[in-house]
Amino acid sequence: MTHLLSPYRVLDLTNEYGLFCGKVLADLGADVIKIEMPGGDPSRNFGTFYEDIPDPEKNLEWFAFNTNKKSITLNIETPEGQAILKKLVKSADFLIESFHPGHMEDLGLGYTVLSELNPRIIVTSITPFGQSGPYRDYRVSDIVTLALSGFMIQCGDPDRAPLRYSVEQAHIMASLHATAGSLIAFHHAQATGEGQHVDVSMYEAAIWFQYSLVPFWDVASVHLRREGPRASRGNASFRLIWPCRDGYINWRLVAGPMGKTMYALVDWMGEEGMAGDLRSVNWTMDMNDVTQEQAYAWEEGFGAFFLSHTKAELLDGAVKREIMLTPASTVEDLLNNPQFEARDFWVDVEHPELGTSLKYPGTPFKSTQNFPDEKYRSPLIGEHNVAIYIEELGIPENELASLKQSGVI
Amino acid sequence: MAAGPYATKYLAEHGATVIKVESLKNPDINRAYVPMAGGISGINRCGIFNWCNNDKYCMSLDLTHPRAPEVARKLVDWADIVVENFRPQVMERRGLGYEDLRKIKNDIIMVRVSSLGQEGPHALLRGLGPFLVGLAGFTPTLGWPDRPPIGPTTVPYTDHLGSLYATIAILGAIDYRRRTGEGQCIDLSQVEAGVTTLASAILDYEANDRDLKLVGNHHQWACPHGVFRCQGDDRWCAIAVFSDEEWQYLCRAMGSPDWSTDSKWATVESRKANEDELETLIEKWTIQQSSQEVMNILQRSGVRSGIVQSAEELVGDPQLEHRHHFRSVEHPEVGKHLVEAPAFVLSETPAELKMPAPCMGEHTEYVCTEILGMSDEEFVELVVSGVLE
């Protein structure tokens, strides 16, 4: 199949920090070979499992982050394994890894060695803090990275501990940065023939997502703080998440240039006899002139209206009346979202071993080149050993058997 | 806004010539947002605008002016890539839809970043950045089980995810054009970008009929797992213990208190069964020292831990200093302020952050005469016509 990156090969030596990088490259057509330890990648053993059966071939995180990849098993801690990896490096375009800094060098597989074998190769390393620096050896997890990054200080109820997303995100942040950085390096390699090493810091990737936090402090000495479901704007704080009859919606009181969407909402409330005093408010007033007392008083009226409607009703009204309001989706809502349906966002992935197919999120963009958004389920352990070792590298079958016996493959 | 500017930021920092096209009549709305540098309002003073547009040029062009198409044509003819994040249909109304651009330059790459894609029943739905995060399914991942969900309210996560995917798509499309000679139009949905990150939770729903529910800071297979109050005003340190070995590290770091040897803390299962009590006991230790001390002690002992950092702490962080993550630029109107280097360092062609974000229309003349090759007379004539405002 032709896609943005179809001619290129990626060797994927990452753990859970970088699996998503290889997945994005694979979904864009690259030939991504996941290199697993004999017996399977350790990340197969953590997480949730299909029908809750703990089995390295039924791990849902593995499913989610390895679609369209191939898998071979290879112990790169053995000299034979290193020799095989080096053979693969010669014809690869990218190698991505997320070992502890220095580990690849210790194995004699550092960037200098790899670039001698293949001067064009892009070697991308994804680690918690980057390859060097005082925090290089610090240990992290998702919550630790999000705490350090500035995300958590902005998130949570003021009277309780700061919060983080309960679905892990730091590895996604790092992996998307790794993908972008690798492709920038690759663009340079295509122009000059010169490869390079891309040193990705998961910590910095997470900071990048915090947007206004540092500028607020840097240019205005303002500390953004967690305010529960509210956020400050001008001289007051405003609620962004509202309960409705069957869940939650996002809406915020706005004034000024965006205030015209308020009239549409108030008109709708008026039709149902729920507008009250809100009809007489001038919504084009400067947002900075809204006082906290006004905000609370007005919010009470809107909140009552939302509680009397379902997510679907409010969404329908928002679309028809151009009101700035969106439902807060549950997973069930996502799977039934008509907009995603219209864009063919979901991709059915066959899992023959499970006798079923599962819906996966597709690539979040469409191209006029109409690239197919096909997905093959994540590979089984060593599923492509024969294809790569025998058919491609020409390793004789008896040699493969002895490599297997000695724990190399 | 965020999604468009961030999509080209990394390209600008790695040598691409990025021209931001705005007009006084219709500037990037971030230019009007807080924070304003030094609390003084001004079109060139927004801290966020200046944070995400460094190393770009700015040309003012009034797209509603009758002569806009002839200038736009020259820009498109020069460009490799056109990135936009208007609401769907705005570019078409300006005569700058993909088909229009192709007539000017057949192999142009157009990247359109929008909330929900260019077409479909909800394509025109309006919302602030954080709303899209809720629409993408993150609301049930943020909150306490005994309270309503809380966010996110300040971080427009899907804008950022969308812009990284856009950067990736741009780079892929350039290579595709190099191989095939063909351009393309890429229609990217920020909300879909958000959904891709929740894939494992979506599979869990399909396979195991489990929808997301609010869990505070708890984790299914780790305990303790949360942020703990430290000495001082609203100071916290995150601690995550995934294995029994890590639990032993934590006990040692806390000075092996008597309570910690109780068998009810021996395994993840038993710790989770008494998680609230365990958290109270650990907090009795963390509260006695500063968050920095807690992190230092725990990291020395091999425990995954990190302070809930503020912006001020980030700016002073020794690791970030080592990596030159925050850098200073001199802005002609605002003076010195910080900008942010990429989260990746390229060994041979590292990012260069040389220019502050442009003032409104700062490079209009430069772009017209030096980049587009107009004569001085042509440029002056356009200025007089008012199209460059």
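This report looks at a hairpin, the contact between two chains, and the domains of chain B in a predicted model.

## Ground rules

Residues count from 1 along each chain as its sequence is written, while chains are lettered from A and ligands numbered from 1 in the order in which they are written. Because the model is predicted, local features need pLDDT of at least 70 and side-chain atom pairs count only at pLDDT 80 or more, but totals for chains, interfaces and linings use all residues.

## A hairpin in chain B

Let's start with strand S6 of chain B, residues 225-230 (strands are DSSP runs of E, at least two residues, numbered from the N terminus). Of its 6 residues, 5 are buried (20 or more other C-beta atoms within 10 Å of their own, C-beta atoms being placed from the backbone), so S6(B) is largely enclosed by the rest of the structure.

S6(B) pairs with S7(B), residues 235-240, in the antiparallel sense over 6 bridges (pairing takes at least two DSSP bridges). Within this pair, Arg235(B) of S7(B) is opposite Cys230(B). The hairpin has 4 residues between its strands, and Gly232(B) takes a positive phi near 105°.

## Where the chains meet

The contact draws 124 residues from chain A and 125 residues from chain B (C-beta atoms, placed from the backbone, within 7 Å). Helix H7 of chain A, residues 170-192 (a DSSP run of H or I, at least four residues), gives the largest share of chain A's side, 13 residues.

Strands also link up across the chains: S6(A), residues 196-201, runs antiparallel to S11(B), residues 344-346, with 3 bridges. Here Asp199(A) has Val345(B) as its bridge partner.

## Domains of chain B

Chain B splits into domain 1 (3-197 + 317-385) and domain 2 (225-308), with bounds from an automatic or database domain assignment. Their C-alpha centres lie 43 Å apart.

Note on methods
A residue is buried if 20 or more other C-beta atoms lie within 10 Å of its own, exposed if 12 or fewer, and partly exposed in between; C-beta atoms are placed from the backbone. Two residues are in contact if their C-beta atoms, placed from the backbone, lie within 7 Å.
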